[in-house]
Every structure is written in structure tokens, then in C-alpha cells.
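Student: Could you take me through the inside of this protein, the nonpolar core, and then tell me how the rest of the chain sits around it?

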Amino acid sequence: MLDSKILHSAVRSAQMIWRRHALERMLSRNVSRDEAKEVLLRGEQIEDYTDDFPFPSGLFLANITGRDIHVVAGLDKRSGTVYVISVYEPDNEHFEADKRTRRQKS
């Protein structure tokens, strides 16, 4: 799991790098930067990608303004920088109704 203290500090101090993919998905899904930040501050880390390169990352979930939003973010603990990789609303094709559990591929 990512260090929530470092993650929250980075978000609050705007030590964030927004990847192009995240910005494109946010624009197409009408998710604001503030909403994505809120997911990282209030959300639950539901998956852990400790082996991601160049930094460990995780999948976060929160209900913001009445809709479930996922944010994939990496954390450079050394510099205290969050990398926002992807932002989207989880769908029923890929996730169970709880929006936490991935559906099994058949």
C-alpha cells in the first residue's frame, strides 16, 4: 500500500504530475482535477501495484458528488510527488457492483 501520509501531503501541496492519459480520460468523462484529488484524499486504496515502474502505484476509489470514481496514481516517496496515471468511472463490464472487485474474465 502507498504511504497515505506522503500521498496526502503531496496532493495538498500540489506536488502532482498529471499524465496525458489521465487528463484525456478526465476530459472525456467530465471528471475535474478537484474530484480526482478528492478521491486521493478521501478514497480507499483498493488495489496495490508495488512492482509498477518507475514508482509503486495503487487504485483508489471514492464516491464523489454521487458517482464512483477510480484514480490510478503512483507515488515517488523520495520527492513526495504523486503521478496521476488514470481517472475513470468504473463500469459493470470490468467491476462488480461494489466497484472494488474486478470481474473474472471468462
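Tutor: Here is a walk through the core, followed by the chain as a whole and a few single residues.

A word on the ground rules: this is a predicted model, where local features need pLDDT of at least 70, side-chain atom pairs count only at pLDDT 80 or more, and totals for chains, interfaces and linings use all residues. Residues are numbered from 1 along each chain as its sequence is written, and side-chain values use heavy atoms, with hydrogens and water left out.

Let's get the layout down. The protein chain has three helices and five strands, and from the N terminus on they run α-β-α-α-β-β-β-β. Helices here are DSSP runs of H or I with at least four residues, strands are runs of E with at least two, and the numbering starts at the N terminus.

Now the core itself. By nonpolar core I mean a set of buried Ala, Val, Leu, Ile, Met, Phe, Trp, Tyr and Cys residues joined through side-chain atoms within 4.5 Å. Buried is under 20% relative accessible area, exposed is over 50%, and partly exposed is in between, using a 1.4 Å probe and protein chains only. The largest core has 22 residues, and the members that touch the most others are Leu40, Val71, Val82, Val84 and Val87. At least two residues of this core come from each of α1 (4-12), β1 (16-18), α2 (20-29), α3 (33-42), β3 (57-64), β4 (67-76) and β5 (81-88). β4 gives the largest share, four residues.

Val71 is a good place to zoom in. Leaving out residues up to four places away in sequence, Val71 touches Ala36, Val39, Leu40, Gly58, Leu59, Phe60, Val84, Ser86 and Val87; contact means heavy atoms within 4.5 Å. There is also a second, separate core of six residues, with Ile46, Leu59, Val72 and Tyr88 among them.

Stepping back to the whole chain, 42% of the 106 residues count as buried. Of the contacts with a separation of 6 or more, 47% are between residues 24 or more positions apart. The radius of gyration is 13 Å, which agrees with the value near 13 Å that a compact globule of 106 residues would have; that radius is taken over C-alpha atoms, and the globule rule is 2.2 Å times the number of residues to the power 0.38. Along its principal axes the C-alpha trace spans about 40 × 30 × 25 Å.

What about the outside? The chain exposes about 6500 Å², with carbon and sulfur atoms supplying 47% of it; these areas come from the Shrake-Rupley method with a 1.4 Å probe, and for residues only the protein chains shown count as cover. The 17 positive and 17 negative charges have mean positions 4 Å apart. For that count, Lys and Arg are positive and Asp and Glu negative, while His and the chain ends are not counted; each charge is placed at NZ of Lys, CZ of Arg, CG of Asp or CD of Glu.

Some of the arginines are worth a look. Arg19 lies in the loop between β1 and α2 and counts as partly exposed because its relative accessibility is 39%. Arg19 and Tyr83 are 64 residues apart in sequence but 7.0 Å apart in space, C-alpha to C-alpha. Beyond residues up to four places away in sequence, Arg19 touches Tyr83, Val84 and Ile85, and Val84 is one of the core members with the most partners.

Arg29 is in helix α2 and is partly exposed, at 36% relative accessible area. Setting aside neighbours within four places in sequence, Arg29 is in contact with Arg67 and Glu89. The C-alpha atoms of Arg29 and Glu89 are separated by 7.6 Å, although the two are 60 residues apart along the chain.

Last, the backbone oddities. Most residues other than glycine have a negative phi, and most peptide bonds are trans. The peptide bond from Phe53 to Pro54 is cis, with omega near 10°, and Pro54 is in the loop between β2 (44-49) and β3. Thr65, in the loop between β3 and β4, has a positive phi of about 45° and is exposed at 65% relative accessible area. Lys99, in the segment after β5, has a positive phi of about 65°, but Lys99 is buried, with a relative accessible area of 12%.
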